[in-house]
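Q: Could you show me how to read a strand in its sheet, and then the pockets, in the model on display?

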Amino acid sequence: MNVTHLECAACGTRHEARRLHNLCSQCGKPLLVRYNLKSAAASMTKETLKGRAPDLWRYREVLPVEQDENIVTLGEGFTPLVQAARLGAQVGLSRLYIKDEGQNPTQSFKARGMSAAVSMAKELGVKKLAVPSAGNAAGALAAYAARAGMEAHIFMPSDTPRANVIECEQTGAHVTLMEGLITDCGAEVGRRKGAEGWFDVSTLKEPYRIEGKKTMGYELAEQFDWDLPDVILYPTGGGTGLIGMWKAFEEMEQMGWIGAKRPRMVTVQAVGCAPIVRAFAEGKRFADEYPNAHTTASGLRVPKAIGDFLIIDALRASGGTAIAVTDEELIAATKEIGAAEGIFCAPEGAACLPALKKLMADGSVKQDDRVVLFNTGSGVKYIESFSS
């Protein structure tokens, strides 16, 4: 077992690894899992990876579960990295790629985080889990909790895409629809979890979802033969995927797998809900709650992210940026990507294309840069967004 401790991402306070934690006991910020990476690198090498199963648990030595029997899996991870030659030609890029997370179980990248979080909850004796969600995290928790034999209590805004609601109901979750936003759903979980005996697996309010999602960074490195791309565009609501990849790059460097070079990280948000974009532009490290948040890309409708400072730190450290696009742009981009490459993106993933065009127009991205767009989920989950 390579986990050494948990560490607060803000104040650095150490927390014991083998017990349940939500946020830092000292400052209320997210906790990150720390590993003995020298020990991990002794058995997990570039060579040994070649013989391992094509799922995220191939990176077992840098994942937190101690006992194999506690791993709750549906085959998540190792999603395709598709070279988008036709789309690239249309926008003037010679090396454009799409990392297609819609191919995960439950059809989004949220499967990664929930596999890790539910596995750890099982290992630590949890019986009931709760989460607020704008859609795909709910479906993932419902599926993995069912797989583990746990109760899932899910709170979603009433305008959550219908496919997500049905998915949760059909995989045995207790579903509550609420008026308002994901922040209102989160407040309801917070009010009730003590009395109800739920463990809260909200984004970054427990330390393990990020561990599942960081494997996107390990996979990118492996799929590019350990030479990271120049630019990564990532649709950002809670931002756990971006934070996780940044953590993965640091771990890989410490293990000697990659050098100090990092991709320029680009946060993509919707004009109707762009707290990170606004804070980045204003030179802030923490983002104020975004008023009257609205966008058809439900995964981007996160007016306040608890990991805001970690997202912004990664953007600044990498020389990246944050860009907002309109709903009209991201819906049009869904069809543009689909018609060129045959990938039916979630609106959140499609938002990366108009953001890329803006970066190319201002010279931030060059014709020969190697660029990865993250499609975080399948467009099938968002039929309402395309029916008007």
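The dialogue that follows takes one strand with its neighbours and then turns to two pockets.

Q: Before we begin, what kind of model is this?
A: It is a predicted model, which should be kept in mind throughout the reading.

Q: Why is strand E6 described as largely enclosed by the rest of the structure?
A: The idea is to ask how many of a strand's residues are buried, where buried means under 20% relative accessible area. In strand E6, which covers residues 128-132, four of the five residues are buried, so the strand is largely enclosed by the rest of the structure.

Q: Which way does E6 run with respect to strand E7, parallel or antiparallel?
A: Pairing is read from the bridges between strands, and here E6 and E7 (residues 151-157) run parallel, joined by five bridges. Within this pair, the residue standing opposite Val131 is Ile154 in E7. The connection between the two strands passes through helix H5 (residues 136-148), and the resulting β-α-β crossover is right-handed.

Q: How many bridges does E6 form with strand E9?
A: E6 pairs with E9 (residues 199-200) over two bridges, again in the parallel sense. Leu129 has Phe199 in E9 as its bridge partner.

Q: What should I look at in the largest pocket, and which residues lie nearest its centre?
A: One can begin with volume, then take the lining and the elements that build it. The largest pocket has a volume of about 670 Å³ and a lining of 42 residues, with Ile182, Thr203, Gly237, Gly238 and Val302 nearest its centre. At least two lining residues come from each of E6, H5, helix H7 (182-196), helix H8 (209-213), strand E10 (231-235) and helix H10 (240-254), and H7 gives the most, with four. By class, this lining divides into 16 nonpolar, 17 polar and nine charged residues.

Q: How does the second largest pocket read by the same steps, and which element gives the most to its lining?
A: Its volume is about 350 Å³, and of the 17 residues that line this pocket, Leu32, Arg34, Trp246, Lys247 and Glu250 are the closest to its centre. Two or more lining residues come from each of strand E3 (31-35), H10 and helix H12 (308-318), with H10 giving the most, six residues. The lining of this second largest pocket comprises nine nonpolar, one polar and seven charged residues.

Q: Which helix should I follow from one pocket to the other?
A: Helix H10 can be followed, since it supplies at least two residues to the lining of the largest pocket and six to that of the second largest.

Notes. Residues are numbered from 1 along each chain as its sequence is written. This is a predicted model: local features need pLDDT of at least 70, side-chain atom pairs count only at pLDDT 80 or more; totals for chains, interfaces and linings use all residues. Side-chain values use heavy atoms; hydrogens and water are left out. Buried means under 20% relative accessible area, exposed over 50%, partly exposed in between (1.4 Å probe, protein chains only). Two strands pair if DSSP finds at least two bridges between them. A crossover is right-handed if, with the strands pointing away from the viewer, the path from the first strand over the helix to the second runs clockwise. On a 1 Å grid over the protein atoms alone, a cavity is a set of points where a 1.4 Å probe fits but cannot get out, and a pocket is an open set with protein on both sides within 12 Å along at least five of seven lines; lining residues have an atom within 4 Å of a point. Grid points are joined across faces, edges and corners, and a volume is the space filled by probe spheres set on the points. Ala, Val, Leu, Ile, Met, Phe, Trp, Tyr, Cys and Pro count as nonpolar, Asp, Glu, Lys and Arg as charged, and the others, Gly among them, as polar.
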